[in-house]
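Colleague: Got a minute to go through this one with me? I'd like to talk helices, then strands.

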Amino acid sequence: MSDITEKKRKHDNDSVSKKEKKVKKDKKEKRDKKEKKEKKEKKDKKDTKEKKEKKEESNEESVDIIETPIEEINAFLKENEITIENGDNLNIQPIINFKSLSNYNINSKISKCLNKFDKPSPIQASAWPYLFKGHDIIGVAETGSGKTLGFGVPAINHIVKSNNKKLQVLVVSPTRELATQIYDNLKELTDSTSLNCVCVYGGVPKDQQRKDIAKSQCVIATPGRLVDFINEGSINLNDVDYLVLDEADRMLEKGFEEDIKLIIKSVKNERQTLMFTATWPKEVRELANGFMKNPIKVNVGNRDELTANKRITQYVEVIDPYDKEKRLIQLLNQYQSKNKDDKILIFALYKKEASRIERSLKYKGFEVAALHGDLSQIQRQQALDSFKKGECNLLLATDVAARGLDIPNVKVVINLTFPLTIEDYVHRIGRTGRAGKTGIAHTLFTEHEKHLAGALGNVLRGADQEVPDELLKFGSHTKKKEHGAYGAFFKNVDMSKKAKKITFD
């Protein structure tokens with residue numbers, strides 16, 4: 001009996017052992033299966049990631065492939081008088097439609113901000129491909145041609161791609177008004193991408209600007225206030241690798257040159273440098289090249305010779321200086337009688353003249369806003385806002401408003417007093433005829449400016465405008481450029497050569 005019981009117990013134990021082994025085997029198989037599945041998922045994820053990276057790489061490489069027929073590209077370059085220097089061997093073609101932006105891996109949120117435009121402007125179309133590739137650029141194009149987004153879109157995209165929250169982009173502008181205008185354009189891009197930008201300029205308290213700088217990836221600044229912040233240690237430019245000088249010809253003039261050199265020394269050596277301007281005088285080209293590495297020059301229109309926008313109809317009247325104010329009243333009545341909603345911008349030469357004319361116009365019943373150096377920053381901003389919004393359709397300004405300001409729908413520019421240089425004349429009249437529209441520039445010219453008659457005649461002829469006989473009477477000579485220290489007596493000689501000793505018998 002005991003043998004039977006023992007055999008049964010043994011059998012039962014064997015059965016249990018077999019069951020345990022089976023359970024263990026099943027568990028092991030499940031575990032192996034799970035591990036195998038996890039390994040496969042990891043491998044799939046890795047493969048997907050690699051495929052994505054390869055696709056992105058191939059997309060970046062594919063930008064050099066011409067997607068638009070070469071005939072269409074050539075027609076675009078010819079129609080807009082675009083010349084590109086130093087970019088011949090790169091095989092990069094203009095972006096003549098927004099669809100082509102996808103080849104450059106542009107952030108979709110930035111692309112959405114461009115939906116309000118039909119197509120890129122000529123300066124954007126020709127500069128963007130080089131900027132997205134990281135090249136230094138000198139962009140020369142007429143006023144109102146879209147230069148701000150020309151450098152702004154690649155700038156903000158550069159920050160997004162770097163995934164770096166430090167200050168990386170610095171835009172330097174000569175005037176407070178232009179700086180705030182650039183800020184308005186770039187803020188739309190930074191807001192869409194959850195980045196921060198700040199506008200830094202003088203005439204207002206520093207505290208809030210310091211706070212905003214600390215959390216910003218993009219700074220737009222005037223040279224004076226920026227240098228103040230650099231000297232006091234309130235701003236760190238060590239990580240800035242995208243530097244823009246807007247209105248570069250003015251930024252490299254004698255008054256700004258030392259500030260600009262200090263600013264450039266404060267940013268990274270390994271950087272992308274951009275200079276955008278409407279004119280490119282020979283005097284500043286050499287200096288600019290010293291700040292840049294093998295820059296590509298994108299030229300829209302014949303900008304080496306100083307030319308005005310051909311969509312602006314230019315009228316020049318030679319007049320007695322004492323008759324100017326009376327003629328101004330006649331012109332205001334003439335242009336406002338056509339359409340009272342047309343914006344008219346009047347330029348005076350000095351702030352005292354501007355203040356006097358402002359009082360005189362108000363006394364005669366004209367509603368006029370003023371923009372000159374004797375006003376506070378708040379007053380200047382209020383005047384500009386009032387004019388932009390159409391609350392006041394007359395703006396009287398000195399040349400502080402001539403450079404770069406994008407004031408929508410200015411129909412007429414009146415030069416009450418001619419500026420000191422022909423470059424400033426081109427910038428002044430460039431406040432009208434912007435973004436493809438037409439405009440009128442009416443200039444009162446006196447014998448006091450006769451030394452500029454030849455240069456003015458050249459600008460008029462270059463824009464297919466009529467040159468009045470009265471202007472021709474002053475002659476066609478142009479005033480020789482003077483040296484900053486030696487005036488008109490400066491002689492351009494090689495100062496490194498030693499003087500020869502002459503012995504008289």
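Modeller: Sure. One definition to start: axes here are lines fitted to C-alpha atoms, for helices over the stretch in contact, and angles run from 0 to 180 degrees between N-to-C directions. Also, keep in mind that this is a predicted model.

Colleague: OK. At what angle do α12 and α13 cross?

Modeller: Roughly 55°, and their axes come within 12 Å. Helix α12 covers residues 324–338, and α13 covers residues 351–363.

Colleague: What do you call that arrangement of α12 and α13?

Modeller: Angles of 65 to 115 degrees would count as roughly perpendicular and those under 35 as roughly parallel, so α12 and α13 are oblique to each other.

Colleague: Is the crossing left-handed or right-handed?

Modeller: The crossing of α12 and α13 is right-handed.

Colleague: And which residues make the contact?

Modeller: From α12, Lys-324, Glu-325, Leu-328, Ile-329 and Leu-332; from α13, Glu-353, Arg-356, Ile-357, Ser-360 and Leu-361.

Colleague: How do those residues divide by type?

Modeller: The contact of α12 with α13 has 5 nonpolar residues, 4 charged and 1 polar.

Colleague: Switching to strands. How many residues of β13 are buried?

Modeller: 5 of 6, so to speak mostly covered; the strand spans residues 410–415.

Colleague: Which strands does β13 pair with?

Modeller: β10 (residues 343–347) is joined to β13 by 5 bridges, and the two run parallel. Strand β14 (residues 439–445) is joined to β13 by 4 bridges, also running parallel.

Colleague: What stands opposite Phe-347, and what stands opposite Val-412?

Modeller: Phe-347 stands opposite Asn-415 in β13. Val-412 stands opposite Ile-440 in β14.

How values were computed: Residues numbered from 1 in each chain as written. Predicted model: local features only at pLDDT ≥ 70, side-chain atom pairs only at ≥ 80, totals over all residues. Heavy atoms only, no water. Parallel < 35°, antiparallel > 145°, perpendicular 65-115°, else oblique. Left-handed = near helix turned anticlockwise from the far one by under 90°. Contact = heavy atoms within 4.5 Å. Nonpolar A, V, L, I, M, F, W, Y, C, P; charged D, E, K, R; others polar. Buried < 20%, exposed > 50% of the residue type's maximum accessible area, 1.4 Å probe, protein only. Pairing = 2+ DSSP bridges.
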